[in-house]
Each structure stands twice: as C-alpha cells, then as structure tokens.
Amino acid sequence: MEKQQQNNHNNIAMGIHLATFGKWIFPLGNFILPILLWMVNSKKSDFIDRHGKQAINFQLSITLWTVILAFIGGGVIIGSMISGGPDLWEAMDGPRFPFANDLGIFSTIVASGVICGTLILALGIVDLVCTIKAAIKAHDGLDYRYPLTINFIPDTPVKETPNTN
C-alpha cells in the first residue's frame, strides 16, 4: 500500500510540473493550474509540496526574466526612435526608407530586437526542457531544482517534533 501511495504522490508532483504547460491553453495557465494542484495536494506529502513550490517559483521567475528582457528591448527600441527626433518621425510617414540618413539608429533597433528576442526564445526553450526534466524526476521520486529560479515561495524545512506521549 505504501508503494502505491508513493507512486500516487510522484504522479501528482509530475502533474504539477506538466500543468505549467497550461499557458498554451489559456492565459496564466502556467500559474493557475499548478497552484490549484499544489494547494489541493500539498498537505499530502512534503514531496508534493517541494515540487509544487519549485514549479511555481520557476514559472514566476521565467515570467519575470521575460518581462525584464521585453522592457529592456522595448526601451532601447523606443529610445532609439525618440532619439531620431522629428526628422525620423516625418520620414516614417513618407515613401522613402526612414533610416536612410542615420543607419546607426536602425542597427540599434535591429540589434536590440534580435538580442532580446533571441534571449526570450532561449528562456522559452529552457522552460520547456527544464519542465520536462522536472516532471521526469518527479515521476522517478527525485527532487529537482530549476535553474534561474528566484524562491518567491521559500522551501520551509519541516521540523519534526518528538512525540512526548
């Protein structure tokens, strides 16, 4: 019976990791589904609790890193456009290439888009690969620590109190 219960806990922990793919079904699915599974099952075992916290922390961290990169890339692009001044803005309404007079602005915009876009894509690949690895580890009954993770929900070690009865 103990083996069956442990397998059940392993499957629940694996399900929490895989539930983060809910973001492909509906917005915020990578938060809502794992949080629901974790909240319902976290009291069943410390194993489920640890994996739930890891999955949620990783999704929060990946989202934070993505937003930071988007703001950096967007800020550089918007800053470059603004630095071009009214001449650039008027040229954008005309029929000719707006960056013909200053290709430096154009190259900054393109480089910023390529660099930040590539880093955001890399974060997506890290998310996919690490989530699958974590689900496999959970199924095997092993702990997994995601990379690039900020512990928003800290792992609290369970202190065992001696039974005095």
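D143 counts as partly exposed in this predicted model, with a relative accessibility of 47%. Its salt-bridge partner is R50, and the closest N and O atoms of the two sit 3.1 Å apart. R50 belongs to helix α3 while D143 falls in the segment after α5, so this pair ties together parts that are 93 residues apart in sequence. R50, like its partner, is partly exposed: its relative accessibility is 30%, against 47% for D143.

The R50–D143 pair is part of a total of four salt bridges. Another one joins K23 to D127, and here the closest N and O atoms are 2.0 Å apart. This is again a link between distant parts of the chain, with K23 in the loop between α1 and α2 (29–41), D127 in helix α5 (residues 103–139), and 104 residues separating them. The two ends of the bridge sit in contrasting surroundings. K23 is partly exposed at a relative accessible area of 26%, whereas D127 is down at 4% and counts as buried, the cut-off for buried being under 20%.

A more local case is found within helix α3, where the side chains of D49 and K53 meet in a salt bridge with an N to O distance of 3.4 Å. Because D49 and K53 are four residues apart in this helix, about one helical turn separates them. Both ends of this bridge are buried: D49 has a relative accessible area of 17%, and K53 has one of 7%.

Helix α3 also has a packing partner in helix α1 (residues 2–19), and the axes of the two helices are 9 Å apart at an angle of about 10°. With the limit for roughly parallel set at angles under 35 degrees, α1 and α3 are therefore roughly parallel to each other. On the α1 side, the residues that meet α3 are H9, N10, I12, A13, I16 and H17. Their counterparts in α3 are F47, I48, H51, G52 and A55.

Two of these α1 residues, I16 and N10, are worth a separate look. I16, in helix α1, is buried, with a relative accessibility of 0%. Beyond residues up to four places away in sequence, I16 touches P34, L37 and W38, along with I48, H51, G52 and A55. The last four of these contacts, I48, H51, G52 and A55, are on the list of α3 residues that meet α1. There is also a long-range approach to A134: the C-alpha atoms of I16 and A134 are separated by 9.8 Å, although their positions lie 118 residues apart along the chain.

N10 is likewise in helix α1 and is buried as well, its relative accessible area being 6%. Setting aside neighbours within four places in sequence, N10 is in contact with F47, one of the α3 residues that meet α1. The other contacts of N10 are A138, H139, D140 and G141.

Out on the surface, the picture turns nonpolar. L60, L64, W65, I68, I72, V76, L148 and F152 form a patch there, and together their accessible area is about 630 Å². W65, one of the patch residues, lies in helix α3 (residues 46–83). Its relative accessible area is 31%, which makes W65 partly exposed. That value just qualifies W65 for the patch, because patch residues need over 30% relative accessible area.

Methods
Residues numbered from 1 in each chain as written. Predicted model: local features only at pLDDT ≥ 70, side-chain atom pairs only at ≥ 80, totals over all residues. Heavy atoms only, no water. Patch = residues over 30% accessible without salt bridge, like charges linked within 9 Å, V, L, I, M, F, W, Y side chains within 5 Å. Areas by Shrake-Rupley, 256 points an atom, 1.4 Å probe, with all protein chains shown as cover. Buried < 20%, exposed > 50% of the residue type's maximum accessible area, 1.4 Å probe, protein only. Axes fitted to C-alpha atoms, helices over the stretch in contact; angles between N-to-C directions. Parallel < 35°, antiparallel > 145°, perpendicular 65-115°, else oblique. Contact = heavy atoms within 4.5 Å.
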